[in-house]
Amino acid sequence: DLWDGGEDRSRNMKIMRAMKASVEELNLELGKQDHLLQSEIDAALGCSVLKYQTLQAWLSSSVDPQASGVVLVTQASLDRLPRLEAQLLAWRGAASVALYVPWSDQRQETEDRLNSIRDMYGRLLDAGVGGVVVSILFGNSPSEHEYNNLYPINALRNLALNTSKFCAAELVLLVDVDFLPSKALVDKCQDEEYLAAMRQMTSAGSALVVPAFEMQELDADASHLSMEELQELCKEGRAEGFHVTNYPKGHSPTDFERWFSSTEPYEVEYQSNYEPYVIMNVKTVPKYDERFRGYGMNKISHLYEVSRTHRLVVLPQVFIAAYEHAKSTSWERTFGEKRDPAHAVRIAVLWGRFRQEKDSEYSDKVDRLAPAVLSWPSKRSDPTAAVQTSHALVVSFARRRKPLRMFERSRSKLQELLASRCPRRHPTLLSAEAF
């Protein structure tokens with residue numbers, strides 16, 4: 001009605017602009033009020049983001065950008081140092097690690113903890129493992145809110161992710177410290193042909209799933225297992241997809257049965273609570289939500305957001321594997337005999353809020369994801385196999401009674417192919433008897 005005001009059109013347009021400005025101002029004020037309310041709820045739940053003292057890139061050695069390939073990004077508490085050392089020895093490439101040093105009012109105790117990290121780092125260098133960057137996150141003094149005292153897992157992950165820039169690589173492998181990479185994964189992450197394929201897929205908007213397995217019993221180092229050996233362990237009940245028995249939602253969507261028979265990447269649909277380990281372009285990795293501390297939804301929340309902006313593509317022929325290990329302190333505080341009942345409620349409320357936030361943030365983007373690009377180098381071609389294939393085509397021509405001229409022309413081309421690819425092999429392939 002205002003727009004059809006005739007002579008008053010100019011005045012009405014001013015009124016409309018003023019109305020629009022008022023609405024925008026009101027929305028801004030409502031947004032501020034909502035933010036304040038959510039902050040108050042966070043404070044009441046004890047799940048607001050905390051600040052920590054950190055030492056970024058506290059230990060580092062020279063990194064060759066050409067040899068970096070994929071940067072392994074992980075975090076650990078000090079009791080996991082032996083597993084971290086085993087992981088880095090198996091990886092033998094660039095890595096960004098964030099380590100948690102608990103709060104202590106004893107200076108010597110803190111120094112002893114740092115020395116244990118220095119000792120491990122020295123052993124890695126002696127073993128020829130370079131390109132590892134170690135950052136430190138110090139725990140805060142004990143809080144009256146129990147949730148604030150829990151392991152700051154996502155703050156550590158963000159610290160390691162942010163520090164990965166020192167390794168000068170485009171791709172990052174986001175993984176937990178208990179996993180060892182298969183030799184095939186290590187080799188392909190240092191092979192330029194496979195790296196080019198992974199860069200192409202990640203640049204096109206895919207997160208590359210590295211299938212994860214759990215070993216119930218190991219006769220050999222998981223990092224040296226072949227796919228065939230792994231499959232045999234699974235058939236014998238000594239290995240399985242990670243946690244598929246205890247928590248199938250976490251990794252079952254990877255489709256392990258399909259993976260064992262695949263030689264090409266394949267796309268999978270995101271399903272609720274899916275939390276695979278992935279290789280991504282470092283520029284497109286969203287930050288981990290640091291409100292999640294301790295055990296529960298910390299990685300699931302991250303993959304939930306990743307799925308809003310990326311296709312999930314499973315890599316063939318490569319995997320990571322973990323030994324069974326004792327439950328962490330964070331797990332005990334959540335599900336153990338001495339668990340805090342409020343923690344489960346807190347995580348449930350936080351998880352619900354997180355999903356609402358991300359659904360709103362990406363509401364117009366999920367349906368517009370670009371189709372997944374599936375690129376993977378084929379096996380090296382066998383010249384003899386190529387000749388055999390061409391020979392079969394020639395025979396096919398002959399059996400269909402094509403004109404002799406066409407047959408002779410095909411035979412001539414096949415002779416040239418044989419001479420160029422393998423002049424000294426299988427000389428009878430083109431004999432008269434072969435036709």
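These exercises cover a sheet and a helix pair in a predicted model.

**Exercise 1. The sheet**

State the strand order of the open sheet, and find which strands stand at the edges.

*Solution.*
Step 1. Nine strands form the open sheet, in the order β1-β4-β3-β2-β5-β11-β7-β12-β10. The pairing is mixed.
Step 2. The edges are held by β1 (53–59) and β10 (266–268). Each has a single partner strand, so one side of each lacks a neighbour in the sheet.
Step 3. Direction ignored, neighbouring strands of this sheet are turned by 25° against each other on average.

**Exercise 2. One strand pair**

Determine the sense in which β7 and β12 pair, and which residue stands opposite leucine 208.

*Solution.*
Step 1. β7 spans residues 206–210, and β12 spans residues 311–314.
Step 2. Four bridges join these two strands in the parallel sense.
Step 3. Opposite leucine 208 stands valine 313 in β12.

**Exercise 3. A helix on the sheet**

List the strands that helix α5 touches, and give its direction relative to β3.

*Solution.*
Step 1. Helix α5 (residues 153–163) packs on the sheet.
Step 2. This helix touches β1, β2 (70–77), β3 (95–101), β4 (132–138) and β5 (171–174).
Step 3. The direction of α5 makes about 145° with that of β3.

**Exercise 4. Two packed helices**

Classify the packing of α3 against α4, and describe the contact.

*Solution.*
Step 1. Helix α3 (residues 81–91) packs with helix α4 (residues 107–126) at about 20°, their axes 11 Å apart.
Step 2. Angles under 35 degrees count as roughly parallel, so α3 is roughly parallel to α4.
Step 3. Their crossing is right-handed.
Step 4. From α3, the contact uses Leu81, Leu84, Glu85, Leu88 and Leu89. From α4 come Ser116, Ile117, Met120, Arg123 and Leu124.
Step 5. By class, this contact of α3 with α4 has seven nonpolar, one polar and two charged residues.

Note on methods: Residues numbered from 1 in each chain as written. Predicted model: local features only at pLDDT ≥ 70, side-chain atom pairs only at ≥ 80, totals over all residues. Heavy atoms only, no water. Pairing = 2+ DSSP bridges. Axes fitted to C-alpha atoms, helices over the stretch in contact; angles between N-to-C directions. Contact = heavy atoms within 4.5 Å. Parallel < 35°, antiparallel > 145°, perpendicular 65-115°, else oblique. Left-handed = near helix turned anticlockwise from the far one by under 90°. Nonpolar A, V, L, I, M, F, W, Y, C, P; charged D, E, K, R; others polar.
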